[in-house]
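Let's walk through a model together, one feature at a time. Have a look at it first, then we'll talk.

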Amino acid sequence: MVLKRLNRFYDTSRFRQPQIRVYHRRAKGKKCPRYLLKCGCCEDQLEIYYAEDGLEIGGVNGAIDDWREILLPLLLLERKGDVFVPKLGPGS
Ligand SMILES: [Zn+2]
């Protein structure tokens, strides 16, 4: 499923800091589909190409499991069997 957003500049209404602007391109020929993420406060941007077996984030290629190992803790998620659940902090 493709994430769609209104992409207003400097929109702090949902997260109390500027929301990331999200654009999507479908697959084209040999090119994988990709998300283009733009900073909510400036023109800095990041491309994420995705496929069944891997992701390329900002030009760095890796297997899905490789990215999971790196990103899940940063997103405060952990794996419980087949599902990913928010990691409860010490205060919660
Ligand atoms: Zn910015």
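Q: How many bridges join β4 to β5, and do the two strands run parallel or antiparallel?

A: Start with the ground rules: this is a predicted model, where local features need pLDDT of at least 70 and side-chain atom pairs count only at pLDDT 80 or more, while totals for chains, interfaces and linings use all residues. Residues are numbered from 1 along each chain as its sequence is written. Strands (E, at least two residues) and helices (H or I, at least four) are DSSP runs, numbered from the N terminus. Two strands pair if DSSP finds at least two bridges between them. Here, 4 bridges join β4 to β5 (residues 60-63), and the two run antiparallel. Along that pair, Gly54 sits opposite Ala63 of β5.

Q: What connects β4 and β5?

A: A hairpin, with 2 residues between the strands. Look at Gly58 in that turn: its phi is positive, about 60 degrees.

Q: And which strand is joined to β4 by 4 bridges on its β3 side, and where do the residues face each other?

A: That's β3 (residues 45-51), joined to β4 (residues 54-57) by 4 bridges, again with the strands antiparallel. Ala51 stands opposite Gly54, and Tyr50 has Leu55 as its bridge partner in β4. A hairpin makes the link from β3 to β4, through 2 residues. Gly54 is worth a second look, as it stands opposite Ala51 and also opposite Ala63.

Q: What is the order of the strands in the open sheet?

A: The sheet has 5 strands in the order β1-β2-β3-β4-β5, with antiparallel pairing. β1 and β5 are at the edges with a single partner strand each, so one side of each has no neighbour in the sheet. The twist averages 20 degrees from one strand to the next. For angles like this, axes are lines fitted to C-alpha atoms (for helices, over the stretch in contact), and values run from 0 to 180 degrees between N-to-C directions.

Q: Where does α1 lie?

A: Across β4 and β5, running at about 100 degrees to β5. Contact means that the C-beta atoms of two residues, placed from the backbone, lie within 7 Å. In sequence order the whole chain reads β-β-β-β-β-α-β-β, that is, 1 helix and 7 strands.

Q: Which residues have a positive phi without being glycine?

A: Two to look at are Tyr10, with phi of about 50 degrees, and Leu76, with phi near 60 degrees. Tyr10 is in the segment before β1 (21-25), and Leu76 is in the loop between α1 (64-74) and β6 (77-80).

Q: Is Tyr10 buried or exposed?

A: Count the other C-beta atoms, placed from the backbone, within 10 Å of the residue's own: 20 or more is buried, 12 or fewer is exposed, and anything in between is partly exposed. Tyr10 is exposed because its count is 12. Leu76 is exposed too, with 11. Phe15, which also lies in the segment before β1, is exposed with a count of 10. Its C-alpha atom is 20 Å from that of Tyr35, 20 residues apart along the chain.

Q: What does Phe84 touch?

A: Leaving out residues up to four places away in sequence, Phe84 touches Leu72, Leu77 and Arg79. Phe84 sits in strand β7 (residues 83-86). It has 13 C-beta neighbours inside 10 Å, so it counts as partly exposed. The C-alpha atoms of Phe84 and Leu72 are 8.7 Å apart, with 12 residues of separation along the chain.

Q: What share of the chain is buried, and how many of its contacts are long-range in sequence?

A: Buried residues make up 1% of the 92 residues. Of the contacts between residues at least 6 apart in sequence, 4% join residues at least 24 apart. The C-alpha trace spans about 45 × 35 × 20 Å along its principal axes.

Q: Where is confidence lowest, and where is it highest?

A: Use pLDDT, the predictor's confidence in each residue, from 0 to 100. It is lowest in β6, with a mean of 86, and highest in β5, at 98. Across the chain the mean pLDDT is 92, and 96% of residues reach 70 or more.
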